[in-house]
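Colleague: I'm new to this one. Could you walk me through a few spots in it?

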Amino acid sequence: MTSASYGMVLRQGRLLQPGGTIETVDIAIEAGKIAVIAPRIEASGALELALNDQLISPPFVESHIHLDSALTAGEPRWNQSGTLFEGIEIWRERKQNLSLADVKMRAIETLKQQAMQGVLYVRSHADVSEKNLVALQALLEVREQVKDWMTLQVVAFPQDGIYGSTQNRALMEEAIQLGVDVIGGIPHYELTREDGVQSVHQIFEWAQQYDRLIDIHCDEIDDDHSRFLEVVAACAIRSEMGSRVTASHTTAFGSYNNAYANKLLGFLRRAQINFVANPLINITLQGRTDTYPKRRGLTRVKELWQQGLNVSLGHDCVQDCWYSLGTGNMLDVVFMLVHVAQMTGINEINACYDMVTWNGAKTLNLSDHYGIAVGKPANLIVLNATDRYEAIRCRATIQYVISQGNLIASTNVPVMQWRHELK
Ligand code: FE2
């Protein structure tokens, strides 16, 4: 008996590559990296997984979540109006009682739920408008604690506005100096429009000064006069930072008149920034002040995609004061997007899958780290599906999750049995 040549060998899976190409291959993994990809690999692995033509995909990327508020639904009370603003009020009460242990426990529990469902890259916002930066410090510790199986980016997010109170600006700068990956903002929730514009300029200044990425909660409101996206685009054009900049939500874009929206699309093409839509939350929180017709409250995902702009997706919230549901499953997010954005053509459905994989990697600036190729870190998932369309249609089970060459989670595929006798 000879000893195994590789740490792990995956047998006969359908490997999904950018653009949707699929080929049936074996994959050998050694020392945390992909060693060989070939139609057949003769050598054995210490661990062998027979995939039986299941789909091998790069991991899901969660482009936008709030881990500091996750798993707090109902604390101290439920959001009865369902609005973003009642959620902010409830969170303001809940965050008075944050502790390092509380935030870390909920964040790690949520990350485990996500990882078990194929998410291995997460960008989380951390509220830095609470007095002791506890949420931020907790997530920075979690980033270190989970790094063997999860890549976590932390955003300094001023939930109550950079200029919403006298101490918030200083708290933001302190948060940046503590080592966040990304600088956030919320211009539509600053006290005045002028404050909102100034906040965007301040964020770009900090990003250049401290060499950080940018991800701004931008125009998360149905108000068609909320137009901070154009400010973000202008700053990105002038600073040439487009690929390092993300505008999250931009739900007001769904309410702009077409003349303005079309002009703006031209500026966005020049700016080449990234967009994150959060379909589960956007369809739930927005449109609350409408009677009928009732708006969907989603940014123009299809139009941005048609312009070749990078759109990725987030769950945004899991069981908190803004959204009491959710399990962290990115296929739920994609499934909702297909419906709300009416992206039901086959090319559109496939593009929606790319939004939680390759597009998310682009938003997070993961560059060459991401993807399945020889020499890259062995990060991949195995779905009980034949292709992207089936993965979304069936919200496929993620059977195996492999992170940095280790099998970190597996899920048995449910088996349905017909019990009734046929006549
Ligand atoms: Fe958010």
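Colleague: Which residue meets Arg-11 in a salt bridge?

Modeller: Keep in mind that this is a predicted model. The side chain of Arg-11, in strand E1, pairs up at 3.0 Å, N to O. The partner lies in strand E2, so the pair ties together parts that are 15 residues apart in sequence. That partner is Asp-26.

Colleague: And is Asp-26 buried or exposed?

Modeller: The cut-off for buried is under 20% relative accessible area. Asp-26 comes in at 2%, so Asp-26 is buried.

Colleague: Where do Glu-173 and Arg-169 both lie?

Modeller: Their side chains meet in a salt bridge at 3.7 Å, N to O. The two are 4 residues apart, about one turn of the helix. They both sit in helix H4, residues 168–177.

Colleague: Which residues coordinate the iron ion?

Modeller: Going along the chain, the donors follow the spacing H-x1-H-x150-H-x98-D. They sit at 2.2 to 2.5 Å from the iron ion. They are His-64, His-66, His-217 and Asp-316.

Colleague: What do you call the site of the iron ion, given its angles?

Modeller: There are 4 donor atoms, with angles of 84 to 175 degrees among them. Tetrahedral would need all angles between 85 and 135 degrees. The site is irregular.

Colleague: Which residue takes a positive phi just after H10?

Modeller: Helix H10 covers residues 330–340, with Met-330 and Val-340 among its buried residues. Just after H10, the phi is about 55 degrees, and the residue is Gln-342.

Terms used: Residues are numbered from 1 along each chain as its sequence is written. This is a predicted model: local features need pLDDT of at least 70, side-chain atom pairs count only at pLDDT 80 or more; totals for chains, interfaces and linings use all residues. Side-chain values use heavy atoms; hydrogens and water are left out. Buried means under 20% relative accessible area, exposed over 50%, partly exposed in between (1.4 Å probe, protein chains only). Donors are N, O and S atoms within 2.8 Å of the metal (3.2 Å for Na, K and Ca); water is not among the atoms, so sites may look incomplete. Four donors count as tetrahedral if all angles lie between 85 and 135 degrees; four count as square planar and six as octahedral if opposite donors are over 155 degrees apart and all others between 65 and 115; anything else is irregular. A salt bridge is a side-chain nitrogen of Lys or Arg within 4 Å of a carboxyl oxygen of Asp or Glu.
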